[in-house]
Amino acid sequence: MTFLNEPNAGLLLMKVGLHAGETFDHILERKRQEYKNAGVIFWGYGGNTCHPTRAVQPFARMKLEKRENIYIVMEEINSNHPPTKIVAEEYSVDGIHWQPIPTGIEVRSSRYAVVLDELQDGDLDIDLSEYKVAVGPSLGKVASDYILGRVDKACITKSQEPLAHRPPQIKKISHIARIVEPYAVFLRNH
Amino acid sequence: MALDLREALNTISDVVQNRPSPLREFDQIYMKVGDLVIQSEFIARKFDGLDIVFIGDGDAISLCTVHLRQKEIFRYGPHHITVLDFDERIVKAVNHFAYNNDLGDKIEAVLYNVCDPLPECYWRTSDAFYTNPPWGASNDGKSVTAFVQRGIEAAKPKGMGAVVIGDNEEVEWTGQVLFRTQEMLINAGFIISEMIPGLHKYHLDDSPELTSCCMVARDINAQISYPKSEPLPSAVLDNFYGRNSPLKVRYVKDRSGLNLGRAHDSSYELIPLEGNQ
């Protein structure tokens, strides 16, 4: 995968699994079809740690300024998300101007979506003790100290300087995709 | 001061119940309730008998202070508070609460965004200012200094200010922002007369250990003439909520309609009991 050759690439680490009653395998199949239909994937998510305009978009622009890429890296986990199916009808890049979800895209039970290029299988190990948080109030924190408990996603970069020593914390990455413009969007339904 | 903790918490609970839900995109991250009591008591004592302007107030420290004084849980408190906030939900919540609790002569909220010049009617009219701004983690504190600037413009000569910002020795950026804020206050003729480090915690799920300090500054320069209030420069607006995270919204418009303080109609649906239509 390309980012292995890009030491300064930005990563959005996300724990993934069953969501809104849909198995992860089914989500993958649906999202691969979405890419064939629409040319991009809207990967739904929630929570506050990777807010579209406060975290993902600024992080992506920061990387773009340096001609670096940003990737989503997925760690598969057993999750127990309650079965609901609310399908987003509109999306917005800035939370102000809204437009219909593009034809061929379906995002379920999510407040936000990260916009992806083609999904690729990966079999990678990432040591979080070598990464640091790249945006937000925890800026600069060692990623292995940050991704704990309720925090299940983060915008991180590999540290170019020595970090406070932490024991290795390896994350097994099963799927990867490049994050593409507009990087992350808000979702809503009526 | 000895406080009846149960009474204080129950009284603050009235205010908490009245607040709109926080919007994370604008750094509306609410202080934990125990710390609201501590902070309100400190401000009521420090600014006893003074006219204060709040430059933004999502936490509702202003309302807590006057409500606790009104209920005689505090024996001191400010003479009058003006809250300037860009979120109409907050403005309406403050004025609605004041009306319902007979506090109309003690507190008033007005819609205002710090990107605009401070309206002339507030220039150098308050004894003190208070602000808990977006903390400027990745914009070198530009959002903090923008709010503090408006506070300085609102304070009378020899006035005071209280600034609540991130402060945690283990979080490097907080020290840098504190340094810039103190530098700005000192350059404006203030001294840092008091600082309580690491005082408050917040409902911040991804950084629950992040604390803020309360810094009190006092104008010793008493500069009579002060430059006119100007719009914020574009360099500040472009990175207002962090690097590459610009300020794009002038106001948050309230759309609660008749649902002020209650769940919005669109957030639930009533399923009738069969046979009892």
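In chain B of this predicted model, strands E1(B) and E4(B) (residues 126-131) run parallel and are joined by 3 bridges. One pairing to look for is Ile52(B), whose bridge partner in E4(B) is Ala128(B). E1(B) also has a partner in strand E2(B), which covers residues 80-85; these two pair in the parallel sense over 5 bridges. There, Ile55(B) stands opposite Leu84(B) of E2(B).

How enclosed is E1(B) by the rest of the structure? Strand E1(B) spans residues 51-55, and 4 of its 5 residues are buried, so the strand is largely enclosed. Follow the chain onward and you'll meet a right-handed β-α-β unit made by E1(B), H3(B) and E2(B). In the loop between H3 and E2 of chain B sits Glu72(B), a residue we'll come back to in the table.

Now for the helix that starts things off in chain B. H1(B) takes in residues 5-18, 14 residues in total, and reaches 20 Å from its first C-alpha to its last, close to the 20 Å expected at 1.5 Å a residue. Which of its residues are buried? They are Ala8(B), Thr11(B), Ile12(B) and Val15(B). These four cover an arc of only 95° around the axis, which puts them on the same side of H1(B). Turn to the other side of H1(B) and you'll find Arg6(B), Asn10(B), Ser13(B) and Gln17(B), which are exposed. What do the buried residues of H1(B) pack against? Their neighbours are three helices of chain B: H2 (33-46), H3 (61-70) and H4 (88-100).

Over in chain A, helix H2(A) makes a good counterpart to look at. It runs over residues 52-65, again 14 residues, and reaches 18 Å from first C-alpha to last, close to the 20 Å expected at 1.5 Å a residue. Burial is the theme here: 11 of the 14 residues are buried, so H2(A) is largely enclosed by the rest of the structure. Among the buried ones are Val56(A), Phe59(A) and Met62(A), along with Arg54(A) and Lys63(A). The buried residues of H2(A) pack against strands of chain A, namely E1 (10-16), E3 (70-76), E6 (112-116), E9 (153-158) and E10 (170-188).

After H2(A) comes Arg67(A), with a positive phi, in the loop between H2 and E3 of chain A. Its C-alpha is 31 Å from that of Arg30(A), and the two residues are 37 apart along the chain. Ala20(A) and Glu72(B) also have positive phi values, although Ala20(A) is not a glycine and neither is Glu72(B). Here are the three side by side.

| Residue | Phi | Place | C-beta neighbours within 10 Å | Exposure |
|---|---|---|---|---|
| Arg67(A) | near 55° | loop between H2 and E3 of chain A | 7 | exposed |
| Ala20(A) | about 50° | loop between E1 and H1 of chain A | 16 | partly exposed |
| Glu72(B) | about 65° | loop between H3 and E2 of chain B | 9 | exposed |

There's one more backbone detail in chain A. The peptide bond from Glu181(A) to Pro182(A) is cis, with omega near 5°, and Pro182(A) has its place in strand E10 of chain A.

Finally, how many residues do the chains bring into contact? On the chain B side there are 19, in contact with 19 residues of chain A. The chain B side divides into 7 nonpolar, 5 polar and 7 charged residues.

Note on methods
Residues are numbered from 1 along each chain as its sequence is written. Chains are lettered from A and ligands numbered from 1 in the order in which they are written. This is a predicted model: local features need pLDDT of at least 70, side-chain atom pairs count only at pLDDT 80 or more; totals for chains, interfaces and linings use all residues. Two residues are in contact if their C-beta atoms, placed from the backbone, lie within 7 Å. Ala, Val, Leu, Ile, Met, Phe, Trp, Tyr, Cys and Pro count as nonpolar, Asp, Glu, Lys and Arg as charged, and the others, Gly among them, as polar. The expected span of a helix is 1.5 Å times one less than its number of residues. A residue is buried if 20 or more other C-beta atoms lie within 10 Å of its own, exposed if 12 or fewer, and partly exposed in between; C-beta atoms are placed from the backbone. The arc is that of the directions from the helix axis to the C-beta atoms. Two strands pair if DSSP finds at least two bridges between them. A crossover is right-handed if, with the strands pointing away from the viewer, the path from the first strand over the helix to the second runs clockwise.
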